[in-house]
Protein chains: 2
Amino acid sequence: MSATPRPKPTDAASDPRVRILSAAGQEFAERGYEAATVRDICSAAGVNVAAVNYYFGDKHRLYIESVKHAHAERLRQVPQPEWAPGTPAPVKLRDFVGSMLDRMLGGDQPPWQVGLMMRELLQPTEACRELVEDYIRPHFGILLGILDELVGGALPMSELRRIGLSIIGQCFLYRAAGDVVAMLVPTDEIEAFHTPQPIAEHVTRFALAALGIAEPFAIPSLCAVRPLGSPR
Amino acid sequence: MSATPRPKPTDAASDPRVRILSAAGQEFAERGYEAATVRDICSAAGVNVAAVNYYFGDKHRLYIESVKHAHAERLRQVPQPEWAPGTPAPVKLRDFVGSMLDRMLGGDQPPWQVGLMMRELLQPTEACRELVEDYIRPHFGILLGILDELVGGALPMSELRRIGLSIIGQCFLYRAAGDVVAMLVPTDEIEAFHTPQPIAEHVTRFALAALGIAEPFAIPSLCAVRPLGSPR
DNA sequence: AATCGTTTGAAACGCTTGTTTAACCCAGGT
DNA sequence: ACCTGGGTTAAACAAGCGTTTCAAACGATT
């Protein structure tokens, strides 16, 4: 009844509301919902403990708001690339994969906004449906459009979806299980291994090769396609 | 100092120790470390609250033990497939992917053991390194071996690793972000979409096509490979 | 300057958490 | 029969949690 007394008093970052949202997002992202305490959040935001209840009602609604806030903020930070009308589809695919990896992996270290969204994907709560509808489904639609253009409409929608998920899954692994991936790579290679560009290049090439548009990784003898399961 | 009074008094499932481990694993898997309470765990295991401190010292050590227990149990449930000496590499790849997806997605619903391991992968704790060394690295090695055999040793190790991660990532997405994937697929297709076999078939075919061993998904004109970025 | 609604502050309230205590039960050895 | 010691129990413990309280401080309006 007394929540959200006024929408936005000042658009500056000194607004206690956005300070709490930002601090809450970081805390939730790295500690999880249960482990993050409102005391720590308020301490980081420089406000009193009562502020979170005053502005958001309770911890749960603060969490939902912080997820939406993080999502909107990250979308503004790394916008979706736009292409000129004549841009070839393979270039679009490479751009798409590259920007997705940039958004996921960030510059120096993974941005906390994505970490918060990851938690939602892996264990969905109420905020997840909104996240999918506003953020993920449109991006997925763009990817499907690129793929459809790439194969010239030769594949049914169900197969395009599978291929799209194959591309997303490859990128997703580096972000979601990045620490484990790093353990599987020799220590002197992990730095180059976790850089977005090489990953994007590999994923794009892998997908284009699977679609028959780029050269396959191994060329047994050029275009000598053998049936599955034939002995070598 | 009083922990682990005896290793295994009776190998039956009536041992309070394994009852606690099993209940703790399920609780940790679906609620997370912080949200899971020792009271709920002990209630599910049918023991007194003091039992967890008596047998494991504290909650944290119980968690680590339950992760190792779940790992060992799941490894016993779905062992790694073995192949006769002359088995063709593509068949091995398909078997490998299929068993990995079976292990991840399970029969009717995802097994809690894997859910617990997922949490470790996504936010590693002390138990993670052990998990990687004992469980993940050997499996990854097998996959790299299959891939190396598949391309006839034509690719360097670093590239084989990338391809291996591409395969694992595709499967990983369905398990880790399964709920979100389901939201992106029409409701009348999700049942077939989340079944392990079709996924395994797609992932295998995708990888073989990318390697140039199976037919590509789209055949623009048989073997007309165009350079990346050329307009259609 | 007085007033009123809004925002902030320190302290306290229940409640749940992980952990500990101390009594109790019950076989086995002497 | 009596101790003995590992196993189990209910009850209590201190600490930390989210949340509430209520009064003081603030800022614009009259």
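Which side chain meets that of A:E189 in a salt bridge? The legends below take up this and other views of a predicted model.

**View 1. A salt bridge links chain A and chain B.** The partner of A:E189 is B:R161. Their side chains come to 3.0 Å, N to O. This pair sits in a wider set of charged contacts: four salt bridges cross the interface of the two chains. Polar contacts cross it too, joining 24 residue pairs, with both residues of each at pLDDT 80 or more.

**View 2. Chain B and chain A bury about 6300 Å² between them.** Carbon and sulfur atoms give 68% of that area. On the chain B side, B:R162, B:M183 and B:L184 lose the most area to chain A. Together these three make up 12% of what that side buries. The contact draws 70 residues from chain A and 70 residues from chain B.

**View 3. Helices of chain B face chain A.** Polar contacts span this interface, in 24 residue pairs at pLDDT 80 or more for both partners. Seen from chain B, the touching side takes at least two residues from each of α5 (89–105), α6 (112–122), α7 (126–150), α8 (157–176), α9 (178–183), α10 (190–193) and α11 (196–211). The largest share comes from α8(B), with 14 residues. By class, the side of chain B that touches chain A holds 47 nonpolar, nine polar and 14 charged residues.

**View 4. Residues of both protein chains surround DNA strand D.** There are 17 of these residues. The closest are A:T37, A:R39, A:K59, B:Y54 and B:Y55. On the DNA side, sugar and phosphate account for 56% of the strand D atoms that come within 4 Å of the protein. The surface near the strand has nine nonpolar, three polar and five charged residues.

**View 5. Helices of both chains supply the surface near DNA strand D.** From chain A, α2 (38–45) and α3 (50–56) each supply at least two residues. From chain B, α3 (50–56) does so as well. α3(B) gives the most, with three residues.

**View 6. Polar atoms of the protein approach the backbone and bases of DNA strand D.** At A:V38, a backbone N or O atom lies 3.1 Å from a phosphate oxygen of the strand. A:R39 approaches a base instead: a polar side-chain atom lies 2.8 Å from a base nitrogen. Chain B also takes part, through B:N48. An N or O atom in the side chain of B:N48 is 3.3 Å from a base nitrogen of strand D.

Terms used:
Residues numbered from 1 in each chain as written. Chains lettered and ligands numbered in written order. Heavy atoms only, no water. Contact = heavy atoms within 4.5 Å. Buried area = accessible area lost by both parts, 1.4 Å probe. Polar contact = N/O pair within 3.5 Å; in protein donor to acceptor, adjacent residues only side chain to side chain. Helix = DSSP H or I, 4+ residues; strand = E, 2+ residues; numbered from the N terminus. Nonpolar A, V, L, I, M, F, W, Y, C, P; charged D, E, K, R; others polar. Near = heavy atom within 4 Å.
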